[in-house]
Amino acid sequence: MTETSHHAATLAAYAALLRRRALLVAALALAVAAALVLDIATGPSSLKVSEVLRVLMDPAGAELPARVIVWQVRLPAALMAVLVGAALSLAGAEMQTILDNPLASPFTLGVSSAASFGAALALVLGLGVPGLPAEWFVPANAFVFAFASVLMLQALARLRGAGVETLVLFGIALVFTFNALVALVQFVASQEALQQLVFWSMGSLARASWGRLGLLALAVAVVLPFSLRASWKMTALRLGEDRARSFGIAVERLRFLSLLRVSLLAASAVAFVGTIGFIGLVGPHMARLLVGEDHRFLLPASVLTGALVMSLASVASKVLVPGALLPVGLVTALIGVPVFLGLILARRERGT
Amino acid sequence: MSEAAALAVQGLSAGYGGRAVLAGLSLPPVRPGTLTGLIGPNAAGKTTLLRALAGLVPAKGSVRLGAVELARLDGPARARHVTYMPQSLPQRSGLTVLESVLAAGRASAAALPERAARLHALETLERLGIADLALRSLAALSGGQRQLASLAQCLVRAPALLLLDEPTSALDIRHQHGVMQLAAEVAAERGMVVLAVLHDIALASRWCARLVVLAEGAVVADGPPEAAITPALLARVYGVQARVERCSRGQVQVMVDGLA
Ligand SMILES: Nc1ncnc2c1ncn2[C@@H]1O[C@H](COP(=O)(O)OP(=O)(O)O)[C@@H](O)[C@H]1O
Ligand SMILES: [Mg+2]
């Protein structure tokens, strides 16, 4: 018996496992596409799915009202949902791995709070990057603060001897600090500014535009290849920091570059839609339940679970209260929790 | 590897946050091809020594492997020569055994092509007798199985210097000897320097050509087991009253009569 045939059964089983994971990722991608179409079809003047598809395929041939609804109103918001979900979930997946903490996410470690504070300064006190057009004033501020908060985490990570626990504690301290600062700004805010701020922090896809979409898409497109390139290293990091370093991984550098990607993703996502809490934490856990911890699959699957939950949340935000468009940030958890619990329970029954 | 390289340590100092654990430790050259045991009481600095050799704690001094001065290499370059097996593997990891071994081999450059890497990983698991666990999750293994998986991750990298931190602490008697025998074979085949932290003096004496005894960060005995292990040493280092006898085959046996 040759060595190859001797291990043939295990090799085949492993290949089958990889195929199954690839299929799951493909199925997730299909589900995201379906949710996207559903999201476009849902709204005050509801469209049939077939109609949506026709207008999407052949814009020139469609009647004007349907074309405007699909292309100008629904599609930007629907794509924004997909991209924001993807960005936050990928950011969460990377954070959970490099900080070795299942509770890490852009929301739990202060990125969203920092963005809220930036938005609060802009909305209430008119403080922000000078010379920007009104459309960009608030998002730019939110972005700057979110990005800066991760850079602060970075700076701490670079300090010798600061372990990941310290980083996580520091992130939690950031949450409380920025929340207190936001409350302070709220306290001095006028009635009208306060309302705007509260609405901002609930998260809304209504602020989508093709320009903003383009920027967010660019951020995701730039980051994703680098994330995927680091996937073996991140997988090895799951075996422990000492071990990974002894396997030749420059762990500090990996962590630095990863936090850089996280800051770009999370800051651009929250800047445009406001606080979305649930996705960055739970998207990666869903992906882990589905495809395991081989990051070649975990990272793409996280992108897709985030996009899926966010897209379904966008649908729900339009249908839960008839005639009203709920802030999507309120709905993500309502949609995500049942899906998540379902996955956990299904796994329990399989006994793995 | 054409010329098997010996390990020589000169004036190695290391510690944590200003507190020195090792102060100018030196070791006469450690020969490749055989096992060298590192023994000593709890908190003697054994783990710190291995981590300093692997470049995982900041250290001063010279660590030469053949003609290569490891102390001058940065992490990834050093990892091509040295692999350190930590005392424990994280409990929470959701990877399968095979994935963990593949990741260990893939983590740094110069990796095998995918198919060859998988086969190589499986052969490594086979040598450790855990090929049947290849697709089991690390989180679902017993302590001993996890220790074997952990060893597989290190062996798959084929370093010139292999540092094993208590590789047999969770194993039954058959697997203790199995692991030591495998380590001895691999050391001889690959001309590797293997330094293993062990607590079981009988096991260490059975498999190691040389024992280094560490106490409070300093080498207090160094040599073949028969020479290194004496009642006086055991009393001084471990605080036990013990007889050291040779069995009918001449191997060192330690009988503890009481605490000194
Ligand atoms: N990460 C650490 N930070 C501070 N002190 C440490 C750390 N690791 C070990 N030490 C201390 O260094 C000394 C040597 O520890 P160690 O090398 O782990 O001992 P051994 O492996 O021989 O049991 C002990 O006093 C221990 O408390
Ligand atoms: Mg130790």
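This report describes the surroundings of ligand 1, the cysteines of chain B and one helix position in chain A, all in a predicted model.

## The shell around ligand 1

Ligand 1 is surrounded by residues of chain B, beginning with Y16(B), R19(B) and V21(B), continuing with P41(B), N42(B), A43(B) and A44(B), and ending with G45(B), K46(B), T47(B) and T48(B). Sorted by character, the residues of this shell divide into five that are nonpolar, four that are polar and two that are charged.

Two elements of chain B, the strand β2 (19-30) and the helix α1 (46-54), each supply at least two residues of the shell. The largest share comes from α1(B), which contributes three residues.

## Polar contacts and burial of ligand 1

Oxygen atoms of ligand 1 lie close to polar atoms of the backbone and of side chains in chain B, and the distances can be given residue by residue. On the backbone side, a polar atom of G45(B) is 3.0 Å from an oxygen atom of the ligand. On the side-chain side, a polar atom of T47(B) lies 2.7 Å from an oxygen atom of ligand 1, while an N or O atom in the side chain of T48(B) is 2.5 Å from a ligand oxygen. Ligand 1 taken alone exposes 560 Å², and the protein buries 60% of that area.

## Cysteines without disulfides

Over all chains, the structure holds zero disulfides. For C154(B), the closest cysteine sulfur is that of C208(B), and because the two sulfur atoms are 17 Å apart, they are too far from each other for a bond. A disulfide would need the pair of sulfur atoms to be within 2.5 Å. The sulfur of C208(B) has its own closest cysteine sulfur in C247(B), at 16 Å, so this pair is also too far apart for a bond.

With regard to solvent, C154(B) is buried, its relative accessible area being 0%. C208(B) likewise counts as buried, with a relative accessibility of 5%.

## A helix position in chain A

In chain A, A148(A) has its place in helix α6, which spans residues 134-158. Is A148(A) buried, exposed or partly exposed? With a relative accessible area of 32%, A148(A) is partly exposed, since the intermediate class lies between the limits of 20% and 50%.

A148(A) can also be related to S314(A), from which it is separated by 166 residues in sequence. In space, the C-alpha atoms of A148(A) and S314(A) are 29 Å apart.

Conventions. Residues are numbered from 1 along each chain as its sequence is written. Chains are lettered from A and ligands numbered from 1 in the order in which they are written. This is a predicted model: local features need pLDDT of at least 70, side-chain atom pairs count only at pLDDT 80 or more; totals for chains, interfaces and linings use all residues. Side-chain values use heavy atoms; hydrogens and water are left out. Buried means under 20% relative accessible area, exposed over 50%, partly exposed in between (1.4 Å probe, protein chains only). Helices (H or I, at least four residues) and strands (E, at least two) are DSSP runs, numbered from the N terminus. A residue is near a molecule or strand if one of its heavy atoms lies within 4 Å of it. A polar contact is a pair of N or O atoms within 3.5 Å; within protein, one must be able to donate a hydrogen and the other to accept it, and residues adjacent in sequence count only if both atoms are side-chain atoms. Accessible areas come from the Shrake-Rupley method with a 1.4 Å probe; for residues, only the protein chains shown count as cover. Ala, Val, Leu, Ile, Met, Phe, Trp, Tyr, Cys and Pro count as nonpolar, Asp, Glu, Lys and Arg as charged, and the others, Gly among them, as polar.
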